[in-house]
Every structure is written in C-alpha cells, then in structure tokens.
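Take a look at the sequence and the model below. This report walks through a few of its charged pairs, a small sheet and one glutamine.

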Amino acid sequence: NTAGFTMTATAPTEPGATGTWTIVSGTATITPGDEHKNNAVIQVPNGGTATLRWTITNGTCTAPTDDVQLTNYLTPADANAGPDQDQCNNTSFTLNGSTPDIAGAIGTWTVIAGTATLNPADANTPNAPVTVAIGNTATLEWRISNATCTSKPDTVVLRSFAAPSAANAGADQDQCNNTSFTLAGNTPAVGVGRWKLVLGNGVLLDTDTLLTNAPVTVAAGDTAVLEW
C-alpha cells in the first residue's frame, strides 16, 4: 500500500555516461525528470507489479543491463478470529477465523496465552481444530499476511470448563411451629453452588444463596422447595 519506490542502481562511473530507466513490464510511472537518476522514484499502483530496467550507455557503448522487480502488495482486511467459545467437559474446539480477502494472502493462528494444541498443518486454516484440556483456557491470535503487508490481528478465547460436582441438597426437613431452617448442601469440588427457591413460600436472603448452610425462613403451615 505504498506506491513510491526509490531505486538503488549503480551510478555511471565513466565521464559522460548516462543511465536510463525503462519499464519492461507491468504498470509503473517514473517521476518526470528521474529517468536518468540511479535513485529515481518509481510509482507502482497498489496491488501492482512492474519490472524496471537500468541501462548505462556511453556514446555507442552499452553496459549489460539489469532488471529490478517492484511489487506493491495490498494490505489485507483486518483479521476476525470469531467469537469467544466456552465448552463444558469438552476438549475439542473449531476456530472460525475470517477468510483472507486477497488472493495469495495467508492467515496464521498463534497460541499467545494459555495452553492449546494446534496441529502445525492447520495453522493457516481459518476453521482449524484446536484442543484445550478440560479446566484450561487458551487465547489464539489470527493474523493475515500478504507478503510484506500484515492485517490488524484479532484474538479468540477458548475455555474448556470442567463439569461441576453433582449437587446434593441434603435431606428434607420437617419442623413443628418453627420458621427457621438451615440448609445442608454439599460443598462442590468443582464449580460454585447456588440455592434457588423453586416452589412454595420461603425467605432466602440474596446474600446467602451461595452458602451451603444458608438459613431459610418458612412460615408456620407453609412448605418450600429449594434447589441446590
């Protein structure tokens, strides 16, 4: 995406010798007045390629010519790594990177944080499969390159959550003319427990919903069912 190229050809060494730039192929523009400058500025349009020839002559003598190829690559569109992904007790993820918008451009996945297994053969595939161990989180970057041009990269976070412990809300409780109950949920080895009133009338304070032994008030004559 930079049209101007500054040449670095050898300057004529013989007094009176002259160097000349000519366009051999492709599309290019030689800045007027620079045709005989060894450091001429040549314009090549975005996405274009041109071959320029430098010829040095001294009277009727001409030295061997030399060619140089100039390529002005297009910058690819910004990369899109797709939405973050969460899975439960599953190690297999399928990425969803954007397809390069320029022919010849290549996208590349890189693990930049956490631990993930990405087959090197799939590193340039937008929908590459990735393995993240249960309980782990990994961040991958998707970057698209077109030779010397690189897009703005994007990242995706993959989280493989471990299955939570099985819940045990404790035994049913019956009381006589007593409104105060103390719950007896199990402490999870994996995950976070939460109480929820699912039936009847009971008072469970919001500040106590995460307590295994949360206090609950049930009016005399009422029944309440709570889920852990």
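Lys37 is partly exposed, at 41% relative accessibility. This model is predicted, not determined by experiment. The side chain of Lys37 meets that of Asp34 in a salt bridge, at 3.2 Å from N to O. Asp34 counts as buried, because its relative accessibility is 8% and the cut-off for buried is under 20%.

**Salt bridges**

How many salt bridges does a search of the whole structure find? The search finds four. Three of them are listed here, including the pair just described.

| Pair | N to O distance | Citation |
|---|---|---|
| Lys37 and Asp34 | 3.2 Å | salt bridge |
| Arg53 and Asp67 | 2.7 Å | salt bridge |
| Glu141 and Arg143 | 3.4 Å | salt bridge |

Now take Arg53 and Asp67, whose side chains meet at 2.7 Å. Arg53 sits in strand β5 (residues 49–58), and Asp67 sits in strand β7 (residues 66–71), so the pair ties together parts that are 14 residues apart in sequence. Arg53 is partly exposed, with a relative accessible area of 28%. Asp67 is also partly exposed, at 35%.

Next come Glu141 and Arg143, joined by a salt bridge of 3.4 Å, N to O. Is Glu141 buried or exposed? Glu141 is buried, with a relative accessible area of 16%. Arg143 is partly exposed, at 31%.

**A three-stranded sheet**

Strands of a sheet pair through backbone hydrogen bonds, either parallel or antiparallel. Here, three strands form an open sheet in the order β1-β4-β3, and the pairing is antiparallel. Which strands are at the edges? They are β1 (4–6) and β3 (29–30), and each pairs on one side only. Strand β4 covers residues 41–43 and pairs with β3 over two bridges, in the antiparallel sense. Thr29 has Gln43 in β4 as its bridge partner.

**Gln85 and its surroundings**

Gln85 belongs to strand β8 (residues 85–88). Gln85 is buried, because its relative accessible area is 19% and buried means under 20%. A polar atom of its side chain lies 2.9 Å from the backbone oxygen of Thr94. What does Gln85 touch, not counting residues up to four places away in sequence? Its contacts are Phe93, Thr94, Leu95, Val157, Leu158 and Arg159. Thr94 thus appears both in this contact list and in the polar pair with Gln85.

Conventions
Residues are numbered from 1 along each chain as its sequence is written. This is a predicted model: local features need pLDDT of at least 70, side-chain atom pairs count only at pLDDT 80 or more; totals for chains, interfaces and linings use all residues. Side-chain values use heavy atoms; hydrogens and water are left out. Helices (H or I, at least four residues) and strands (E, at least two) are DSSP runs, numbered from the N terminus. Buried means under 20% relative accessible area, exposed over 50%, partly exposed in between (1.4 Å probe, protein chains only). A polar contact is a pair of N or O atoms within 3.5 Å; within protein, one must be able to donate a hydrogen and the other to accept it, and residues adjacent in sequence count only if both atoms are side-chain atoms. Contact means heavy atoms within 4.5 Å. Two strands pair if DSSP finds at least two bridges between them.
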